[in-house]
Amino acid sequence: MKESVSKIWDLSLKDIRENIPEHTFQAWFKTIEPVSFDGGIFKINVPNMFHFEWLETNYKEMITQTLSKFLEEDFQLQFLINKIPDDSFDEQDKVPSSQQYSSTQTAPPLLPQREKYINTQINTILNKQYTFDSFIEGPNSQFAKVASRAVAEAPGNTAFNPLMIYGGTGLGKTHLLHAIGNMAIDNNPNKQVIYVSTERFVKDFLNAIQKNKMSAFGNIYRKADILLIDDIQSLEGKTATQEQFFNTFNELYQHGKQIVITADRTPKDLTGLTDRLISRFLQGLIVDIQPPDYESRIAILQYKADTENLIIPDEVLEFIAKNIESNVRELEGAVTKMFVHSSLMHTDITLALAKKIVGEILGLKKNHIISFNAILKSVAEYYNLSENEIVGKSRVKEIAFARQIVMYLNRKLSGDSLKTIGIKLGGRDHTTVIHGHKLIEEKLKKEKKFKKDIDAIKMQIDFASQI
């Protein structure tokens with residue numbers, strides 16, 4: 001019977017392959033395995049729950065209709081998860097498809113997330129896909145990755161305690177936190193790893209107060225061998241929660257436990273945190289992640305494409321890398337959107353599709369207004385100048401240089417006209433703005449270090465504009 005099941009499935013696959021793009025077939029159908037056809041139930045194995053949900057939503061009808069061409073009787077289609085042999089399945093591992101040929105529909109039961117590590121004692125979930133191997137490093141993130149890996153290999157036994165990783169949105173900070181936890185658990189499954197967002201920490205603290213369970217709250221977090229806290233800037237202005245976190249930090253640190261923190265800016269810029277908490281962060285290692293350079297962006301896109309079994313033309317990769325410069329999450333999102341669009345519409349990935357999707361992503365960003373004042377303030381702070389000095393008449397080299405950067409960034413980010421920029425910069429002529437913009441553009445082409453300065457200022461502008 002096994003031979004006939006395989007033969008039926010092979011015939012069905014051949015038929016399906018002729019009606020969908022090759023990358024869709026490779027991504028969703030190649031890994032399916034036929035299991036059995038018995039009692040009117042045709043069973044197939046899929047790699048994971050996400051795979052099942054995608055097939056169930058988008059291709060269940062195609063699979064059922066194709067199978068019906070080669071089966072001479074009514075049947076139900078049933079998915080099995082994670083390639084577990086049929087005779088070893090419990091009922092909860094069997095997922096009946098809601099698309100059942102000539103049968104009543106049955107909704108699939110909820111299954112636990114098998115693609116994640118779950119520490120049931122402290123309810124911490126780590127995304128298994130976030131590993132050091134899947135983190136594409138470049139000059140912008142190499143040191144952060146090396147430091148994170150050192151911590152994961154010897155938590156609490158390096159000079160990197162606490163380890164603080166800072167940088168803009170979507171650059172990989174959360175990925176590194178999960179990678180640390182995943183490696184630590186792989187090396188020692190008995191390690192108590194707690195990963196939480198700062199917002200979750202705050203919520204747990206407030207719930208503990210309301211339910212008079214402060215002792216239980218403290219015990220949970222202070223049992224950690226590794227405490228991974230995401231987006232510590234969310235503690236700004238929350239005095240009582242900062243006090244609790246400070247006590248938790250001290251307890252763990254004094255017992256040689258590892259603490260890793262992420263933030264969207266440097267400790268000195270976290271103005272809403274207490275001085276003693278900032279001092280604790282400064283006693284460890286602080287590393288930053290900058291936006292990826294062009295080569296790194298290409299590598300990230302290619303890795304994402306390989307992961308999804310996608311074939312993306314070089315011109316498409318280059319177009320995306322040139323137009324999405326500062327956010328890894330947006331780069332990956334562009335690939336995912338192209339994948340979904342081409343799969344649902346049964347079309348290949350083309351430059352035209354890439355332009356449409358990138359246009360949508362950038363269009364959303366354009367709706368986010370960046371003001372002249374936000375740019376001026378960020379440049380002034382970065383170069384330790386006053387805003388009045390930049391707008392004023394001074395021709396001192398450092399001030400004039402900062403003024404030219406304001407001209408350049410306003411042309412790039414604010415949407416103001418040349419005349420408007422000149423007026424806001426002390427009534428200067430539009431030709432002066434053109435000249436300043438040109439000088440900065442030429443300097444960017446020649447000096448990689450200067451590009452990092454501009455990227456850092458852009459990041460600060462983005463933070464200031466979101467407040």
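This report looks at nonpolar cores and aromatic rings in the structure above. The model is a predicted one, and residue numbers start from 1 along each chain.

Let us begin with the cores. As general background, nonpolar side chains in soluble globular proteins tend to be buried together. Here, the largest nonpolar core is made up of 49 residues. Phe29, Phe42, Leu55, Leu67, Ile312, Ile320 and Met338 are the residues with the most contacts inside this core. The biggest contribution comes from helix H13, spanning residues 328-345, which supplies 6 residues. To get a feel for the surroundings of isoleucine 320, set aside its neighbours within four places in sequence: isoleucine 320 then touches Leu301, Leu331, Ala334, Met338, Ala354 and Val358, all by contact. Apart from the largest core lies another, with 27 residues, including Ile194, Phe217, Ile229 and Leu270.

Now for the rings. The structure contains 11 aromatic pairs. One of them joins phenylalanine 37 and phenylalanine 42 in a tilted arrangement, with 5.8 Å from centre to centre and 40° between the planes. Both phenylalanine 37 and phenylalanine 42 are buried, and phenylalanine 42 is also among the residues with the most contacts inside the largest core. Elsewhere in the sequence, Phe201, Tyr221, Phe245, Phe249, Tyr253 and Phe281 come together as one aromatic cluster.

Rings can also have charged partners, and here are two cases where a charged end sits over a ring.

| Charged residue | Ring | Distance to ring centre |
|---|---|---|
| Arginine 276 | Phenylalanine 246 | 3.8 Å |
| Lysine 443 | Phenylalanine 450 | 5.3 Å |

How values were computed: Predicted model: local features only at pLDDT ≥ 70, side-chain atom pairs only at ≥ 80, totals over all residues. Heavy atoms only, no water. Phe/Tyr/Trp six-rings, centres within 6.5 Å; stacked < 30°, edge-to-face > 60°. Buried < 20%, exposed > 50% of the residue type's maximum accessible area, 1.4 Å probe, protein only. Lys NZ or Arg CZ within 6 Å of the ring centre and 35° of its normal. Core = buried A, V, L, I, M, F, W, Y, C linked by side-chain atoms within 4.5 Å. Helix = DSSP H or I, 4+ residues; strand = E, 2+ residues; numbered from the N terminus. Contact = heavy atoms within 4.5 Å.
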